[in-house]
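Grab a pencil and work through these exercises with the structure open beside you. Try each task before you read its solution.

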Amino acid sequence: KRTGTGTITLGQSGDTISVPTGASLSLQGGSSGQALTTNGSGTLSFATVSGNAGTEIVYADRSGNQSSIADNVDTKVLYTTEQYDPDSNWDTSNSRYIAPADGRYYFYAQAYVWGTIAALHSYFYKNGSYVADTYDIKNSNLSGTVELTARASAIFNLSQNDYVEFYIKSNTSSGTSVVDQVGTQFLAFRLD
């Protein structure tokens, strides 16, 4: 134990300092969002970490129904409520996930839709453009009002500030469709 200022050196060149099982190591000096790093020459410092895999998790849903979904028109599903977003990556005003850092991200979205629906299409948009390989279609062989779940899942390589949204297209035999608040949800998290 040392009081006052000065440098304390542990070990010497070529030594390995280990922390045995059952013991713990506590390092002070960093702030939230920082990690202890080395510059390759043995100097340790705290540096800000830009995003961590598995931590940029978002779960959003709806607080009410989204009505008047027009026939055969690409329509963005509006997720109006953040249920879980500790890193503030969900843009509620635009209903989109915004990537906090470069990396691979997993997405799953669904919308519970009802109306006189013959077919229901769903897919993701990335940076405002349709992503073809996320396309999914549900066909209805029933007449009258039906209830279908639109869904899509994908893994995207994103750059910081790229954004992802979920769209549907409802082909109706008459009238409009409704996205119900029940069963309508958006999930996203960073893989690496």
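**Exercise 1. Is Ser 177 buried or exposed, and what does Ser 177 touch?**

Keep in mind that you're looking at a predicted model.

Step 1. Find Ser 177 in strand E13, which covers residues 163–190.

Step 2. Check the accessibility. The cut-off for buried is under 20% relative accessible area. Ser 177 has 0%, so Ser 177 is buried.

Step 3. Look for partners of the side chain. The side chain of Ser 177 makes a polar contact with the side chain of Ser 170, at 2.6 Å.

Step 4. Widen the search, skipping neighbours within four places in sequence. The contacts of Ser 177 then include Gln 66, Ile 69, Val 113, Trp 114 and Thr 172.

**Exercise 2. Work out how many helices and strands the protein has.**

Step 1. Count the elements: there are 13 strands and 0 helices.

Step 2. Ask how far along the chain the contacts reach. Take contacts between residues at least 6 apart in sequence: 70% of these join residues at least 24 apart.

Step 3. Look at burial across the chain. Of the 192 residues, 34% are buried.

**Exercise 3. Find which residues of the largest nonpolar core touch the most other members.**

Step 1. This core has 31 residues, and the ones touching the most other members are Phe 107, Phe 124, Phe 166, Ile 168 and Phe 186.

Step 2. See where the core comes from. Strands E3 (58–61), E9 (103–126), E12 (146–158) and E13 each supply at least two residues. E9 gives the most, with 8 residues.

Step 3. Zoom in on Phe 186. Leaving out neighbours within four places in sequence, its contacts include Val 58, Tyr 79, Trp 90, Phe 107, Phe 124 and Phe 166.

**Exercise 4. Trace which residues are joined with Glu 165 into one salt-bridge network.**

Step 1. Start with the total: the whole structure has 4 salt bridges.

Step 2. Take Glu 165 and Lys 76. Their closest N and O atoms are 2.8 Å apart. Glu 165 sits in strand E13 and Lys 76 in strand E5, so this pair ties together parts 89 residues apart in sequence.

Step 3. Now take Arg 96, which also forms a salt bridge with Glu 165 (3.1 Å, N to O). Arg 96 belongs to strand E8 (residues 96–98) and Glu 165 to strand E13, so here the linked parts are 69 residues apart.

Step 4. Check burial against the cut-off of under 20%. Glu 165 is at 3%, so Glu 165 is buried. Lys 76 is buried at 17%, and Arg 96 is buried at 18%.

Step 5. Try another pair, Arg 104 and Asp 192, whose closest N and O atoms are 2.8 Å apart. Arg 104 is in strand E9 and Asp 192 in the segment after E13, 88 residues apart. Arg 104 is partly exposed at 34%, and Asp 192 is partly exposed at 40%.

Step 6. Put the network together: shared partners join Lys 76, Arg 96 and Glu 165.

**Exercise 5. Locate Tyr 135 and say which residues form a nonpolar surface patch with Tyr 135.**

Step 1. Tyr 135 is in the loop between strand E10 (129–130) and strand E11 (136–139).

Step 2. Its relative accessible area is 38%, so Tyr 135 is partly exposed.

Step 3. Add the partners: Tyr 130 and Ile 137 complete the patch, and the three together have about 270 Å² of accessible area.

Notes
Residues numbered from 1 in each chain as written. Predicted model: local features only at pLDDT ≥ 70, side-chain atom pairs only at ≥ 80, totals over all residues. Heavy atoms only, no water. Patch = residues over 30% accessible without salt bridge, like charges linked within 9 Å, V, L, I, M, F, W, Y side chains within 5 Å. Areas by Shrake-Rupley, 256 points an atom, 1.4 Å probe, with all protein chains shown as cover. Salt bridge = Lys/Arg side-chain N within 4 Å of Asp/Glu carboxyl O. Helix = DSSP H or I, 4+ residues; strand = E, 2+ residues; numbered from the N terminus. Buried < 20%, exposed > 50% of the residue type's maximum accessible area, 1.4 Å probe, protein only. Contact = heavy atoms within 4.5 Å. Polar contact = N/O pair within 3.5 Å; in protein donor to acceptor, adjacent residues only side chain to side chain. Core = buried A, V, L, I, M, F, W, Y, C linked by side-chain atoms within 4.5 Å.
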